[in-house]
Amino acid sequence: MLEVRSLLKRYNHIPAVDGVSFTIRPGEVLGYLGPNGAGKTTTVRMLTGLIEPTDGGILFQGCDVRADWIGFQRRLGYVPEEPHLYRHLTGREYLQLIGRLRGLPRRVLDPRLDRLLHLFALWEDRHSPLASYSKGMRQKILLSGALLHDPELLILDEPFSGLDVKTTLILRRLLQALASEGKMILFSSHVLEVVEKVCSSVVILRQGKLVAHDRVERLREILQQESLEGVFAQLTEQEDPGPVVSGILAAIRS
Amino acid sequence: MPGLLHRLRDSLEETHSTAFELRRHFFLRFFDSDFVSEAGQWRVLAIGVFAILASLSLLFVPAYYGKYMMLNALPTPDLYRLAALADVLFLITLAMFISGLVTTFLWPSLFPNFQDYLALASLPIRMRDVFVAKFTGLIAFALSFIIATILLPSAFLPAVAAGKYSLEFGVRPTALFVSSSLAALFVFLLLVAVQGVLLNVLPARQFERVSLTVQGALLTVFLCGLPVVLSIPDLHESLDQWPHWAMWAPPAWFLGLHEVLSGRPDRLAIRLAWLSLAGVIGAGSAATATYLWSYRRHRVRLLESAGKLKRIADHGWIGAIAEMFIPDPRELAVFAFSAKTLPRTRQHRLILITFAALAVAVIFESFFNLSLSRGLRGVSFQVDALRKAAISAPLTLSLFLLAGLRYVFRLPVDLGANWAFRINELGNCAIFLGAVQRFLVCCAVLPVVLLTLPMEVHFFGLSTGMIAAALCLLPSLALMGLFLIQVEAIPFTSCYLPGRRPVIETLVIYLIAVSVYVSVLSRVIIRCLERVGSELALFGILLTAWLVLRMAQLDHWGVGKLEFEELPEPVVMAMNLDRD
């Protein structure tokens, strides 16, 4: 189980994430939601060790991860929000790099990455540099890299970004299958329809603070909303887009 | 005057016609080459270079003034005439080399590129206008640069050469300015034409590779040629009779033009002057023709080939060999990443080529000076000096290659992607840095030893040659150790602002390094090779130095933490280091 306790991150004394706590149990897909600047990516970056929290704790299987970051990172798979990849490497070379950094020996790594390249329909383009890949192809590479070492915990930041319909369907089914195998999945996204279909529970952030953490159905019930979109709009106090649209139209005509 | 400047500035701030705006855009982009990191940094660089030239001129002016005072005092004008001729030839050739070097640095910006097409695609601009604007912007830049570089020396040389012989045999400012400017323009237009031909003849994908090779080769040729150019003033005696190959040497054409413009039109000078004019017109026509040829054709080829996925050859056997020597997958990951990154990013390759070219130029200079010391006709090398040059060669190469690799390692590639290393960094720091060491050994230390070993064996015999190679290897290893103590990052994953150090400071550091590491050390090695037993003592000292540095390096790796930046500095982002 992953437990996040009162996680705090301040930049120049301004909290980006303010006392956020939640848990992910084995077999759970947790949706991590919030408007832009709510602190989603900051949380994800703290969980992956890319930035250090100002305060708070992260416990994995009951142990503080700070006591054994290496062990924690070995069991973690990560898909970042932006498809930041070494674009001069080919798809296969990039996966080879990730696998080697994970310490996978060649006899394990090569067949595994070749199978993933086949399954994600990237085999034909495996020797092309990532610079020439489409956004969706790069996303598939990131997903393959996150899955290469069969992690216990998956942290996915906008994993559906740029994917075609077929791969989206595959990924949705894959996440459910991974969850049924007991994997823990943190799924951060703006696409509420997908979150509603994939996640068993959600965390909603607003201005760095946690405003909801419950099962999707329960939140809909409590807030008397028909969809997760309604729940999200109510909890994050989304402003009416009408005046902004009118303002833009006025600006381009001025 | 301030009012006029103010009005001019205001006028430039205004939006003008599309044609003017395009020309302004292309003209200003020429100042942002691959070797400056931010828009406007060229000014700092230019001031640095100007400061160096000004300092050098402080040494040259009195020397030249003294030289011509002496020549004017001679009873016959023969020596004055030859010296003036050699100095004019020197300035013409120097102008050609500087023009060539600058054009080589601007190589990727000579024609509209993929970025230009994409950025301007959605705007209401005809492609013909883009081409015309780029070409005129290019010519305007070349002319301004040439005039700015040549104007001052064209006034300076006739002034210091003035005297009783100057009326008849002296250097005319206008003649010198025109001939040097046309010579520089000839080289510039010729290089544009060469790239134009490559652009149109080669398939779009091959062009990138071939173009970089040509750029690297030109850079090496121009840098290696500089010692030859600098020695031209000493060749005045050879100018007494024009050699038969003068017709094939472009600097001689422009010297002929200078003589004709100075009112000394002998038959050969007229012939050479015609050749110079034909050369400029020919190069200009070729450059214009290739521009016209590439209009539309190049754009269509570039844009259409962009849709197809490029393939990179899979050299699995190299990976298999690397795996035999590097069993740890994490170490292999960093090694393979470095080995794949360096040859695939244009700026990194180019910078490393520049360092290698500088090393070759320094080596070439030492051998060339040796040949000059006994005159060009009867080449008879002094054995001792030749041996010293042979020992200096591996030291120079290792110094420049290690310094070059150190520099390019700090230039990031896709900085945002370094998360892949960061989430695997803990506990692997020493393993990752071990891979950096292996990479340096494979790319700099070992190739230099293998490349120069035959030369050492040739000059010193088999056994002494092997000892000499070993004595040159140890300083390279020690230098690598020194470099590795400071390394706290995986190559290409951290951020460094190039050009932060003033040019003059960089130059002084390299001069000191070359003097101490190359000149002093090569003398010491030569001396030790001459005395039985002392080579063993030197071997022991160098070995100890390397081992001490290695211990310090291993200690540092044990406690150190790798350096990663979240984001590149904005100025480094502007370099577009990952653009190919």
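Helices here are DSSP runs of H or I with at least four residues, numbered from the N terminus. In this predicted model, helix 4 of chain A is followed by A121(A), whose phi is positive, near 60°. The points below take up that helix and then an open sheet of six strands in chain A, whose pairing is mixed.

**Helix 4 of chain A**
- Helix 4 of chain A covers residues 106-119, and its 14 residues should span 20 Å at 1.5 Å a residue, which agrees with end C-alpha atoms that are 20 Å apart.
- L109(A), L113(A), L116(A) and L117(A) are the buried residues of helix 4 of chain A, and because they fall within an arc of 100° when seen down the axis, they line one face of the helix.
- An α-helix has 3.6 residues a turn, so residues three or four places apart point the same way.
- The cover over these buried residues includes helix 3 (91-101) and helix 5 (135-147) of chain A, whereas R107(A), P111(A), R115(A) and H118(A), on the other side of helix 4, are exposed.

**The sheet of chain A**
- The strand order is 6-7-8-3-9-10, and strand 6 (76-79) and strand 10 (209-215) of chain A stand at the edges with a single partner strand each, so one side of each is left without a neighbour in the sheet.
- Neighbouring strands of this sheet are turned by 15° against each other on average, direction ignored.
- Strand 7 (residues 153-157) and strand 8 (residues 184-188) of chain A run parallel and are joined by five bridges, with F187(A) in strand 8 as the bridge partner of L156(A).

**Helices on the strands**
- Helix 6 (residues 165-180) of chain A packs on the sheet, where it touches strand 3 (29-33), strand 7 and strand 8 of chain A, and its direction makes about 145° with that of strand 8.
- Helix 8 (residues 216-223) of chain A lies across strand 9 (201-206) and strand 10 of chain A, running at about 110° to strand 10.

Methods: Residues numbered from 1 in each chain as written. Chains lettered and ligands numbered in written order. Predicted model: local features only at pLDDT ≥ 70, side-chain atom pairs only at ≥ 80, totals over all residues. Pairing = 2+ DSSP bridges. Helix = DSSP H or I, 4+ residues; strand = E, 2+ residues; numbered from the N terminus. Axes fitted to C-alpha atoms, helices over the stretch in contact; angles between N-to-C directions. Contact = placed C-beta atoms within 7 Å. Expected span 1.5 Å × (residues − 1). Buried ≥ 20, exposed ≤ 12 C-beta atoms within 10 Å, placed from the backbone. Arc of directions from axis to C-beta.
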